[in-house]
Every structure is written in C-alpha cells, then in structure tokens.
Amino acid sequence: MITIAIIVPFVWLAWLVLTEWVPMFPLNDLSPGNVRDRLLAAAINYPFPLLIAAGIAIQQTWSLVAAAALCGLIITGHVLSWWLPYFGVSSAAQRESYRRDYARTLKILPTKGHDVVIDVQHMVVGALSLLMLATTLTATLSG
C-alpha cells in the first residue's frame with residue numbers, strides 16, 4: 001500500500017500538468033491570455049504532491065501526518081474553489097475566473113442557475129484528491 005500511496009500523488013500531478021498545459025478542448029480551455037494564471041497555479045499546486053509522496057516515502061510519524069495534512073489542505077482548496085461556488089458561495093473574482101477560463105469546458109452537472117459549475121477536468125482532480133487522501137491515510141495508519 002505504501003507504493004500506491006507514493007504513486008497516487010504523481011498521478012494527481014500528471015493530471016494537473018496534462019490538463020493545464022496540453023490543449024484538449026472541451027476538457028480544458030487553454031487560451032494564451034491565461035498563461036500567467038496557470039503559471040501561478042502551478043507554482044502553488046505542483047509542490048504539494050511532491051511533498052506528500054516524500055512524506056509517505058520517509059515513513060516517519062511526523063512525515064506521514066504532514067502528508068495527510070497536506071492532502072486535507074488540497075481537499076479544502078478544492079471544495080472552496082469548486083463545490084462551494086457551485087452551491088452559490090462564490091466571490092466576484094471566482095465568478096470572473098470561471099467565466100474567463102472554464103465556462104466553455106465539458107460539464108456533466110446541471111449548469112442552469114449556477115454561476116460556477118465544476119467541469120469534468122476538475123471533477124477528476126477532486127476524485128484523485130480523495131484517492132490521494134485515502135491512500136495517504138491508509139499509509140499513515142498502517143505505518
């Protein structure tokens with residue numbers, strides 16, 4: 001299980017890199033105008049899975065707890081960025097970012113009556129985030 005827990009953060013990172021830099025419309029909508037925002041998001045997000053994988057690989061209580069806490073931060077960020085806005089709790093900046101960067105992407109949830117709707121690209125991020133949390137907690141509790 002430790003090996004899987006180390007691999008999952010790299011899968012999560014690979015998905016982010018793929019969907020943030022390789023045009024695959026309508027899964028993503030990469031425009032030249034949002035490169036700066038994508039670079040900032042990369043600088044913030046990409047270290048997390050590396051730290052999580054390292055924390056699991058070190059196999060010390062402190063590193064496993066830190067890895068689990070980082071997973072918790074990722075889940076919190078995902079909920080704050082996508083699910084709360086979907087259910088109506090969003091800022092003007094979130095709504096503008098959504099309109100600019102995600103309004104044309106593939107969605108399976110109802111869009112009517114929602115200013116922000118999580119797209120398939122970010123639903124996969126959410127599922128991978130939950131998987132990463134589950135495998136990290138399993139590694140932590142078995143370690």
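These are my notebook entries on what I looked up in this predicted model.

**Ground rules**

I number residues from 1 along each chain as its sequence is written, and I use heavy atoms for side-chain values, with hydrogens and water left out. Since this is a predicted model, local features need pLDDT of at least 70 and side-chain atom pairs count only at pLDDT 80 or more, while totals for chains, interfaces and linings use all residues.

**Entry 1: the overall fold**

I looked up the helices and strands, which are DSSP runs numbered from the N terminus (helices are H or I with at least four residues, strands are E with at least two). The chain has six helices and zero strands, and read along the sequence it follows the pattern α-α-α-α-α-α. The radius of gyration is 16 Å, close to the 15 Å that the globule rule gives for 143 residues, so the chain is as compact as a globular protein of that length. For this entry I note that the radius is taken over C-alpha atoms, and that the globule rule is 2.2 Å times the number of residues to the power 0.38. Along the principal axes, the C-alpha atoms fill a box of roughly 45 × 30 × 25 Å.

I then looked up burial, where buried means under 20% relative accessible area, exposed over 50%, and partly exposed in between (1.4 Å probe, protein chains only). Of the 143 residues, 38% count as buried. The chain exposes about 7,800 Å², of which carbon and sulfur atoms supply 71%; these areas come from the Shrake-Rupley method with a 1.4 Å probe, and for residues only the protein chains shown count as cover. Among contacts (heavy atoms within 4.5 Å) between residues at least 6 apart in sequence, 65% join residues at least 24 apart.

**Entry 2: the largest pocket**

Rolling a probe the size of a water molecule over the atoms shows where empty space is left. On a 1 Å grid over the protein atoms alone, a pocket is an open set of points with protein on both sides within 12 Å along at least five of seven lines, whereas a cavity is a set where a 1.4 Å probe fits but cannot get out; lining residues have an atom within 4 Å of a point. About 930 Å³ of space lies in the largest pocket, the volume being the space filled by probe spheres set on grid points, which are joined across faces, edges and corners.

I found 35 residues lining this pocket, with Ala-41, Asn-45, Ser-81, Trp-82 and Tyr-102 nearest its centre. The elements that give two or more residues to the lining are helix H1 (2–21), helix H2 (35–45), helix H4 (61–86), helix H5 (92–101) and helix H6 (120–142). H4 gives the most, with eight residues. The lining divides into 16 nonpolar, 13 polar and six charged residues, where Ala, Val, Leu, Ile, Met, Phe, Trp, Tyr, Cys and Pro count as nonpolar, Asp, Glu, Lys and Arg as charged, and the others, Gly among them, as polar.

**Entry 3: backbone details in two loops**

Most residues other than glycine have a negative phi, and most peptide bonds are trans. The peptide bond from Phe-25 to Pro-26 is cis, with omega near 15 degrees. Phe-25 lies in the loop between H1 and H2, and Pro-26 is placed in that loop as well. At 48% relative accessibility, Phe-25 counts as partly exposed, and its C-alpha is 8.6 Å from that of Arg-104, although the two are 79 residues apart in sequence.

I also noted Gln-59, whose phi is near 60 degrees, a positive value in a residue other than glycine. Gln-59 lies in the loop between helix H3 (47–58) and H4, and it is partly exposed at 32% relative accessibility.

**Entry 4: residues in the helices**

Which residues is Leu-128 in contact with, leaving aside its neighbours within four places in sequence? I found Val-8, Val-11, Trp-12 and Trp-15. Leu-128 lies in helix H6 and counts as buried at 15% relative accessibility, whereas Val-11, in helix H1, is partly exposed at 40%. Val-11 and Leu-128 are 117 residues apart in sequence and 8.0 Å apart in space, C-alpha to C-alpha.

Finally, I looked up Leu-84 in helix H4, which is partly exposed at 33% relative accessibility. Leaving aside neighbours within four places in sequence, Leu-84 is in contact with Val-79 and Val-89. The C-alpha atoms of Leu-84 and Val-116, 32 residues apart along the chain, are separated by 9.1 Å.
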